[in-house]
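Colleague: I should like to go through the reasoning behind the labels used for this model. Please set each value against its definition.

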Amino acid sequence: MTMPFAAGTVRDIPVRAFKLCGLTWTGQDLWFSEAVSNQIMALDPATGEVRHRVPCAGVRTDLTTLDGDLVQVAGPDRDLRVLDRHAGEVLGERPNPRPGHVLCGLEATRHGLWLGYEDLRQIDLRDPDDLRLLASYQVRRPVAGITMSDGFLVYSDYRGATINLLDLARGVEVASVSVAGNPTGIAWDGTRIWYCDYTTLQLRAIEIPGIAGG
C-alpha cells in the first residue's frame, strides 16, 4: 500500500531559467539543466550562485553524473549525451535504449544506470557500459525525474505534483509525497530531496521521514 502525505519545502532557490529540466548533486554543487538557453549549470546551494555553465544543445529532461562526467537526456530522440563538466566538451552520445519512448528520468548509482519512461510508467536499470537491461520496475505514475536515497528509488511525477518512493528491497512503492509546484529533475544531497519546480522556476528542497535527515 502506498502511503500519501505532503511535504513543505525547507529551502527554495529561484533561478534564471524558463524550462527547468534535469538535476543532479556532485557533492558540492547542484547541477541543473535548462532547455531554452541549452545549458547545464552548477549552483552553490548555500548561496544560490551559479558557478559554472556548460553548453548542451537540445537539452531534454533529466541529468546525472557518471564517472565524473555529466550525462544529459538530449535531442529529439532523447539520447544520452556525455559531457566533460569542467571543459564542456561533448565526449560521446548513446541512443535511447527504448527508441520512440519518452525517456525522462536518469540517474547513475553503484547499481548501474537508471532510466525512467514517462509513457511506459517504467524504470529500467541498465549496465552503464553496454546499456544491457539488468532489471525493470513498473511504477504507478509517469516518470519525470529519478534519484536514489537510502535504499529507495525516488521519482517525480510532473503533472501529479508528487515525489514517489519505491523500496528497492521489496520492489514496491511505499510513499507518494505531494509537493509545491510541478517537479521535473530531482536529486538527493544526503539529507534532502531537491527538485526542479518547473512552474515557479526554483530549485526546492524537502525532507521526507524515513530518509536520512528527514
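Colleague: Which residue in S20 does Ala187 stand opposite?

Modeller: In this predicted model, Ala187 stands opposite Trp194 in S20.

Colleague: How do you know that S19 and S20 pair?

Modeller: Two strands count as paired if DSSP finds at least two bridges between them. Four bridges join S19 to strand S20 (residues 193–197), so the criterion is met. The two strands run antiparallel.

Colleague: In what order do the strands of this open sheet lie?

Modeller: The order is S2-S21-S20-S19, four strands with antiparallel pairing. From one strand to the next, the twist averages 20 degrees.

Colleague: What makes S2 and S19 edge strands?

Modeller: Strand S2 (11–14) and strand S19 (183–188) each have a single partner strand, so one side of each has no neighbour in the sheet.

Colleague: What is the volume of the largest pocket, and which residues are closest to its centre?

Modeller: The volume is about 330 Å³. Of the 16 lining residues, Thr61, Arg78, Cys104, Thr184 and Tyr198 are the closest to the centre.

Colleague: What makes a residue part of that lining?

Modeller: A lining residue has an atom within 4 Å of a point of the pocket. Strand S3 (20–25) and strand S7 (59–66) each supply at least two such residues, and S7 gives the largest share, three residues.

Colleague: How do the lining residues divide by character?

Modeller: Nine are nonpolar, two polar and five charged. Cys and Tyr count as nonpolar and Arg as charged, so Cys104 and Tyr198 belong to the nonpolar group and Arg78 to the charged group.

Technical notes
Residues numbered from 1 in each chain as written. Predicted model: local features only at pLDDT ≥ 70, side-chain atom pairs only at ≥ 80, totals over all residues. Heavy atoms only, no water. 1 Å grid on protein atoms, 1.4 Å probe; cavity = no way out; pocket = protein on both sides within 12 Å on 5 of 7 lines; lining within 4 Å. Points joined across faces, edges and corners; volume = space filled by probe spheres on them. Axes fitted to C-alpha atoms, helices over the stretch in contact; angles between N-to-C directions.
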